[in-house]
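Reader: Hi! I have a model open on my screen and would love some company while I go through it. Could you walk me through the parts worth a look?

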Amino acid sequence: MRLSVLLLLLGLALQPATAASLASLYTTQYLQERHDRYEPALRSNFNRLVLGSLTPQERAQIGQVRLELPLRAPGDAAGDPMTFYAKNQSVVIPIQSVKFLDDLSLAWGYAWAKGKSLENVTDYVAMLKYQKPPPGGFPPPLQALGIPSDIWKQDAKIDDVSQKILKSAVVWIMAHEVAHLLYRHPGYGPHVPAKQAQANEAQADHFANEIMRRIGVAPGGMANFFIAMAHWSANRGDFASDEKWQTFLAEQSTHPFTAARMRALAADLRKNPADFSVEATDAQTGAQSVLYIASQIDTVADILEDPQVQRSIAAKAKAITLDSLSYRAKAPAVASGDFSGEFFGVFEHFLPAGDSEELDLALSLTRSGARVTGYFDFGLGAGSIEGFVSGKQLRFEWVWGSAFGQGVLTMEQSNLKGTLGYEGSDSNAGRWQVVPQ
């Protein structure tokens, strides 16, 4: 009977994930205020750094180009805080997307300056993708991460780092979208073969790199942007088969996001790294910085090439809580009792035919603040648990050998009850019921 557990643990696949609409992440009034603040710099960078870096031949080829700055993207795209696009001789840069990237840049700058984990930022992005919004919606990045909104005023180092990330990312994105207009790319959808769409993206990426080379500025923010995109965009791990993934790329994907695209970007930076670092006071240090950016983009490619890593990101994102993401001081360690200690009970394992089997289950948990770690064993070797407590509920991800998934445990007095799921589910494997030893 226990062989069936092993086969099921290794055999199931994730279902596609749908990111929640985030159109209410910032109020319309607030976005209007940000529009008034962002617009002068955005138009200056677009006209001076992007269009101003075009050759006379390119200017003649592209014709008149407009920069549109809506508060949010129109239609369904209004709920996507990481959308930028080109259409009808316009480059569209939604203020919501700029503000979201601005917040992430500040968060990265804060984590770097304070010596804290950068993963909290990308974990937050992945949580937005995989979790349903709580009542009242998700908080924006800085609030979720416990970072003061005026941190840029309090610390000049954080302000400098975050501004470099934001500015270089936005200029690179603008140049990328200008390339789509310059080369008359037809957009995406069933009428454009997937290979052609990916080739168009590669061409636009190369052109954006060329603009950064002409400016002489390292595109560091581009790496941050793509790291966030790796945690936000649909990927192979979200689909049950290669066929469904390829269908998505061919029929629904915009700006196809692939490992090959990232590898090409990184290789482009490595050709002449010193060309991107004219502003650096030391040429060798500047070149090394560009090579580091290339290595970061290769890291994104590694994620995009490995569905197992993608599914692990998804499992963690579904188990994580807002409290655990905050950089604010965490509560002291909790002793025994509340999701901590040794437990013993039964795992009711669901079988494919609709039957079930009962397995003895040993569970050991250690809690520190909202974070819980531990291991479980139902007679086939120990697996590990990592999760976060919210109220009387523990949501966690588990790993057992090369298999993994999610689960939920609820505290009822001192007993724990809940469910366990394979990969993208937290309930399709069986039910847990344990009591303290």
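Reader: Let's start with the barrel. Which strands close into it, and in what order?

Author: Happy to help. This is a predicted model, and in it eight strands close into a barrel in the order β4-β5-β6-β7-β8-β9-β10-β11. The pairing is antiparallel. On average, neighbouring strands of this sheet are turned by 30 degrees against each other, direction ignored.

Reader: How many bridges hold β4 and β5 together?

Author: Ten bridges, with β4 covering residues 341–350 and β5 covering residues 356–368. If you want one pair to click on, G345 has L361 in β5 as its bridge partner.

Reader: And what sits between those two strands?

Author: The hairpin of β4 and β5 has five residues between the strands, and G354 takes a positive phi near 100 degrees there.

Reader: What about the hairpin of β5 and β6, how many residues lie between them?

Author: Two residues lie between β5 and β6, and G369 in that turn has a positive phi of about 65 degrees. The strands β5 and β6 pair over seven bridges in the antiparallel sense, β6 being residues 371–377. One of the partnerships is S364 with Y375 in β6.

Reader: Nice. Further along the barrel, how many bridges join β8 to β9?

Author: Eight bridges, and the two strands run antiparallel. Strand β8 spans residues 393–400 and strand β9 spans residues 403–412. W400 has A403 in β9 as its bridge partner.

Reader: Is A403 buried or exposed?

Author: A403 counts as buried, because its relative accessibility is 3%, and the cut-off for buried is under 20%. Its C-alpha atom is separated by 9.4 Å from that of G383, which is 20 residues away along the chain.

Reader: Let me zoom out a bit. How many helices and strands does the chain have?

Author: The protein chain has 15 helices and eleven strands. Buried residues make up 52% of its 437 residues. Of the contacts with a separation of 6 or more, 65% are between residues 24 or more positions apart.

Reader: So where are the nonpolar residues? What's in the largest core?

Author: The largest nonpolar core has 96 residues, and those with the most contacts inside it are I93, F100, Y124, F226, M262 and I297. Helix α8, residues 156–182, gives the largest share of this core, with 15 residues. A second, separate core has 25 residues, including F378, W400, A403 and A429. That last one brings back W400 and A403, the bridge partners from before.

Reader: Which residues does I93 touch?

Author: Leaving out residues up to four places away in sequence, I93 touches L67, E68, L69, P70, F84, V98, I173 and M174.

Reader: I spotted F84 in that list. Which aromatic cluster is F84 part of?

Author: F84 forms one aromatic cluster with W172, F225, F226 and F257. F226 also belongs to the residues with the most contacts inside the largest core.

Reader: How many aromatic pairs are there?

Author: The count comes to 14 aromatic pairs. In one of them, the ring centres of Y26 and Y30 are 6.0 Å apart and the planes are at 25 degrees, so the pair is stacked. Y26 is buried, with a relative accessible area of 4%, whereas Y30 is partly exposed at 28% relative accessibility.

Reader: Why is the pair of F239 and F248 tilted?

Author: Their planes are at 40 degrees, so the pair is tilted; stacked would need planes under 30 degrees apart and edge-to-face over 60. The ring centres are 5.2 Å apart, and both F239 and F248 are buried.

Reader: What lies over the face of Y38?

Author: R34 does, at 4.8 Å from the ring centre.

Reader: One last topic: backbone oddities. Which residues other than glycine have a positive phi?

Author: Q89 is one of them, with phi near 65 degrees. Q89 lies in the loop between β2 and β3, and at 25% relative accessibility Q89 counts as partly exposed. Another is R184, with phi near 60 degrees. R184 lies in the loop between α8 and α9, and at 51% relative accessibility R184 counts as exposed.

Technical notes: Residues numbered from 1 in each chain as written. Predicted model: local features only at pLDDT ≥ 70, side-chain atom pairs only at ≥ 80, totals over all residues. Heavy atoms only, no water. Core = buried A, V, L, I, M, F, W, Y, C linked by side-chain atoms within 4.5 Å. Buried < 20%, exposed > 50% of the residue type's maximum accessible area, 1.4 Å probe, protein only. Helix = DSSP H or I, 4+ residues; strand = E, 2+ residues; numbered from the N terminus. Contact = heavy atoms within 4.5 Å. Pairing = 2+ DSSP bridges. Axes fitted to C-alpha atoms, helices over the stretch in contact; angles between N-to-C directions. Phe/Tyr/Trp six-rings, centres within 6.5 Å; stacked < 30°, edge-to-face > 60°. Lys NZ or Arg CZ within 6 Å of the ring centre and 35° of its normal.
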